[in-house]
Amino acid sequence: MSASSVGLTGESLAPSLETSPQRSSQKTPAKMATSIRDLKKEWVLKSETVRALRGVSFEVPEGDYIAIMGPSGSGKSTLLNLLGCLDKPTSGTLMLGDDDIGSLNDDQLAEIRSQRIGFVFQAYNLIQQLSVVENIEVPLYYQGKIGPAERKRAIELAERVGLADRLDHRPTQLSGGQQQRVAIARSLINDPFFILADEPTGNLDSVTTDEILAIFDQFNDEGRTIIMVTHEDELADRAKRVIRLKDGMLALDATVSEEKRTATRIAQRKAVEELLARTG
Ligand SMILES: Nc1ncnc2c1ncn2[C@@H]1O[C@H](COP(=O)(O)OP(=O)(O)OP(=O)(O)O)[C@@H](O)[C@H]1O
């Protein structure tokens, strides 16, 4: 995918944050969902040192919607694991709120992970024995925070993702798209710094993909921050910003124009309607 093919603006290869025209023109600094600076991750193996991330820097203002792209082996999963507090950097800083992730111990990382990050995985990762509402509440179990107020919020989130009439269903009774809706609702139950989505529509057909992307659009329009790893241009085209990794480094950090995003949404919706009309 070339920058022009997704209507990217402000294109800059390996840009420094200070020179970004979009950010430097802001009068009041935006609050950051996360900021990373010179982030490195290495593994020392017997015969070699693998440098999976070789000094990556960018900031994610609250309300942003980022697609992280890049070829196989470029460091996407490594970055995702660091952003999700599943791993610690070798060096550099990764700030989540006021916390520098590199300075936390494993228990503290686990706490942040369960309380402040909303995960959405390709394979949904729901608990089969639990109902829709109970699955949405799962992140709260770890904090022992289940009560009438939490149940009310879980039901509200289920309603927001269009599952009001499926509250007591088990995952096996749901379609893939419905299961992913549960996962999105679950990701928001803790009011996270951001939703971290890993190929969230990788298992879904184009109609359902469009539905799931519309839900992401809706939550992002309400101010939710989304960071999504994807190989799919059609997903990246709907984000506000594309970050592309290459060989463990930032190769592109570019804004997607509002015109391009709208045109993509309309084109994808039209394609879905045509498909539905053909297949009944
Ligand atoms: N635990 C590990 N130990 C050693 N090397 C690793 C480890 N995890 C990842 N790597 C290496 O780090 C580099 C980046 O891997 P990473 O999984 O982040 O890439 P990716 O962009 O997510 O690739 P893909 O799209 O194929 O999932 C690769 O060279 C990989 O082999």
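In the predicted model, helix 7 contributes Ser-206, Val-207 and Asp-210 to a contact with helix 9, where the partners are Gln-268, Arg-269, Ala-271, Val-272, Leu-275 and Leu-276. By residue class, this contact of helix 7 with helix 9 consists of 5 nonpolar, 2 polar and 2 charged residues. Helix 7 covers residues 206-221 and helix 9 covers residues 258-279. Their axes lie 9 Å apart and form an angle of about 140 degrees. Angles over 145 degrees count as roughly antiparallel and those from 65 to 115 as roughly perpendicular; helix 7 and helix 9 are therefore oblique to each other. The crossing of the two helices is left-handed.

A second set of residues surrounds the ligand. This shell is made up of Trp-43, Val-50, Ala-52, Gly-70, Ser-72, Gly-73, Ser-74, Gly-75, Lys-76, Ser-77 and Thr-78. Two elements, strand 3 (49-61) and helix 2 (76-83), each supply two or more residues to the shell. Helix 2 provides the largest share, with 3 residues. In terms of residue class, the shell around the ligand comprises 7 polar, 3 nonpolar and 1 charged residue.

With regard to annotation, the unreviewed UniProt entry assigns the feature "domain: ABC transporter" to residues 34-272. In the model, helix accounts for 38% of this span and strand for 27%. The C-alpha atoms at the two ends of residues 34-272 are separated by 34 Å.

Note on methods:
Residues numbered from 1 in each chain as written. Predicted model: local features only at pLDDT ≥ 70, side-chain atom pairs only at ≥ 80, totals over all residues. UniProt positions renumbered as here; feature names shortened; annotations may be inferred. Helix = DSSP H or I, 4+ residues; strand = E, 2+ residues; numbered from the N terminus. Near = placed C-beta within 6 Å. Nonpolar A, V, L, I, M, F, W, Y, C, P; charged D, E, K, R; others polar. Axes fitted to C-alpha atoms, helices over the stretch in contact; angles between N-to-C directions. Parallel < 35°, antiparallel > 145°, perpendicular 65-115°, else oblique. Left-handed = near helix turned anticlockwise from the far one by under 90°. Contact = placed C-beta atoms within 7 Å.
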